[in-house]
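Visitor: Hi, I've got a structure open here and would like to talk it through. Could you show it so we are both looking at the same thing?

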Amino acid sequence: MKTIHAEPITAENWAPYGYLANIANPDGAYALGGEPVAFHRDMALAPMASAAPAAFGSLKVGKRPMVIEDVEYHSFTVEVMMPMDDDMVIYAGPANSGTPEPEKLKAFVVPAGMLVVFRAGVWHGAPYPVDCDGTVLICLPERTYLNDTKKVLLEPADRIAVEI
C-alpha cells in the first residue's frame with residue numbers, strides 16, 4: 001500500500017483544490033468593528049451553481065486508521081468543510097474527467113476552526129480526526145448528496161495510508 005504524508009494546510013498548497021478561511025482565528029483583514037465585538041465578514045466565498053439553498057449539516061467522524069479507501073466529487077457544486085473540535089486530516093485530488101487518480105491524492109492537516117472550500121470536481125472524502133472523535137461542519141447545496149455526488153470505492157491495491 002502506498003503511503004503519503006499529510007502536510008500542514010496553507011492557502012498556497014490548497015489553491016489547486018479550493019480556498020481557506022481561518023474562521024476560528026481570523027486576522028484583522030476582515031474585521032469590522034473592534035474589541036469586544038468584531039465582525040469578520042466575507043472570509044470565504046463558496047459559489048453555488050445550483051439555485052438550491054445552501055444546507056448546513058455535520059459529519060461525525062470517529063478516530064480510525066488513516067487509510068483512504070474511497071473518493072468522491074461533486075460535478076456542479078463546491079463543498080465546504082470545517083473541523084469543529086479537533087484538527088483533521090483531509091485529502092484531495094485534482095478535478096478530472098471523472099476517473100479516480102489515487103496517485104495524485106494529497107493529504108493536509110487542517111486545524112480546528114479552519115474553513116476549507118473544495119472546488120467543484122475535486123476528489124475528496126471524509127476527514128480523519130487527529131486526536132479524538134470529532135465533528136465537521138458541512139455546507140453543500142440542499143440534496144447534493146443525492147443529485148451531484150459520485151463516490152468510488154478504491155481497489156485494495158489503490159488504497160493509500162496517510163501519516164502525519
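Visitor: Let's start with R143: how exposed is R143?
Guide: R143 is partly exposed, with a relative accessible area of 44%. Bear in mind that this is a predicted model.

Visitor: And where does R143 lie?
Guide: R143 lies in the loop between β14 (134–141) and α2 (144–147).

Visitor: What is phi of R143 near?
Guide: Phi is near 65° there, so to speak a positive value in a residue other than glycine.

Visitor: Switching to H74, is that one buried or exposed?
Guide: H74 is buried; its relative accessible area is 3%. You'll find H74 in the loop that runs between β7 (70–73) and β8 (79–83).

Visitor: Which side chain does the side chain of H74 make a polar contact with?
Guide: With that of T149, at 3.1 Å.

Visitor: What else is H74 in contact with, leaving aside its neighbours within four places in sequence?
Guide: H74 is in contact with E79, A120, G121, H124, L140, T144 and D148, and T149 is on that list too.

Visitor: New topic, aromatics. How many aromatic pairs does the structure hold?
Guide: There are six aromatic pairs. In one of them, the ring centres of W14 and Y17 are 5.2 Å apart and the planes are at 45°, so that pair is tilted. Both W14 and Y17 are buried.

Visitor: What about the rings of W14 and F108?
Guide: Their centres are 5.2 Å apart and their planes are at 90°, so W14 and F108 make an edge-to-face pair. This pair links distant parts of the chain, with W14 in helix α1 (residues 11–14) and F108 in strand β10 (residues 106–110), 94 residues apart.

Visitor: How buried are those two, W14 and F108?
Guide: W14 has a relative accessible area of 0% and is buried. F108 is buried as well, with a relative accessible area of 0%.

Visitor: Which residues form one aromatic cluster with W14?
Guide: Y17, F108 and F118 form one aromatic cluster together with W14.

Visitor: I9 caught my eye too. Where is I9 found?
Guide: I9 is found in the loop between β1 (2–8) and α1. I9 is buried, at a relative accessible area of 10%.

Visitor: What is I9 in contact with, again leaving aside its neighbours within four places in sequence?
Guide: I9 is in contact with W14 and F108, along with L20, I90, V109, V110, P111 and V116. As for V110, its C-alpha is 5.8 Å from that of I9 in space, although the two are 101 residues apart in sequence.

Visitor: Now R64. Which loop is that in?
Guide: R64 sits in the loop between β5 and β6 (67–68). R64 is partly exposed, with a relative accessible area of 30%.

Visitor: And what does R64 touch, not counting residues up to four places away in sequence?
Guide: R64 touches A126, P127, Y128 and P129. The side chain of R64 reaches the backbone oxygen of P127 at 3.0 Å. A polar atom of that R64 side chain also lies 3.4 Å from the backbone oxygen of A126. R64 and P129 are 65 residues apart in sequence, yet 8.0 Å apart in space, C-alpha to C-alpha.

Visitor: Let's talk about empty space. How much of it lies in the largest pocket?
Guide: About 500 Å³. The largest pocket is lined by 27 residues, and the closest to its centre are L59, E72, G125, A126 and K151.

Visitor: Which element gives the largest share of that pocket's lining?
Guide: β5 does, with five residues. β5 (54–61), β7, β8 and β14 each supply at least two residues of the lining.

Visitor: How do the residues of the pocket lining divide?
Guide: There are 13 nonpolar, six polar and eight charged residues in the lining of the largest pocket.

Visitor: And how many cavities of 30 Å³ or more turn up?
Guide: A search of the whole structure finds one. The largest cavity has a volume of about 40 Å³.

Visitor: Which residues line the largest cavity?
Guide: V71, G93, P94, P100, E101, P102, K104, L105 and W123 line the largest cavity. That lining divides into six nonpolar, one polar and two charged residues.

Technical notes:
Residues numbered from 1 in each chain as written. Predicted model: local features only at pLDDT ≥ 70, side-chain atom pairs only at ≥ 80, totals over all residues. Heavy atoms only, no water. Helix = DSSP H or I, 4+ residues; strand = E, 2+ residues; numbered from the N terminus. Buried < 20%, exposed > 50% of the residue type's maximum accessible area, 1.4 Å probe, protein only. Polar contact = N/O pair within 3.5 Å; in protein donor to acceptor, adjacent residues only side chain to side chain. Contact = heavy atoms within 4.5 Å. Phe/Tyr/Trp six-rings, centres within 6.5 Å; stacked < 30°, edge-to-face > 60°. 1 Å grid on protein atoms, 1.4 Å probe; cavity = no way out; pocket = protein on both sides within 12 Å on 5 of 7 lines; lining within 4 Å. Points joined across faces, edges and corners; volume = space filled by probe spheres on them. Nonpolar A, V, L, I, M, F, W, Y, C, P; charged D, E, K, R; others polar.
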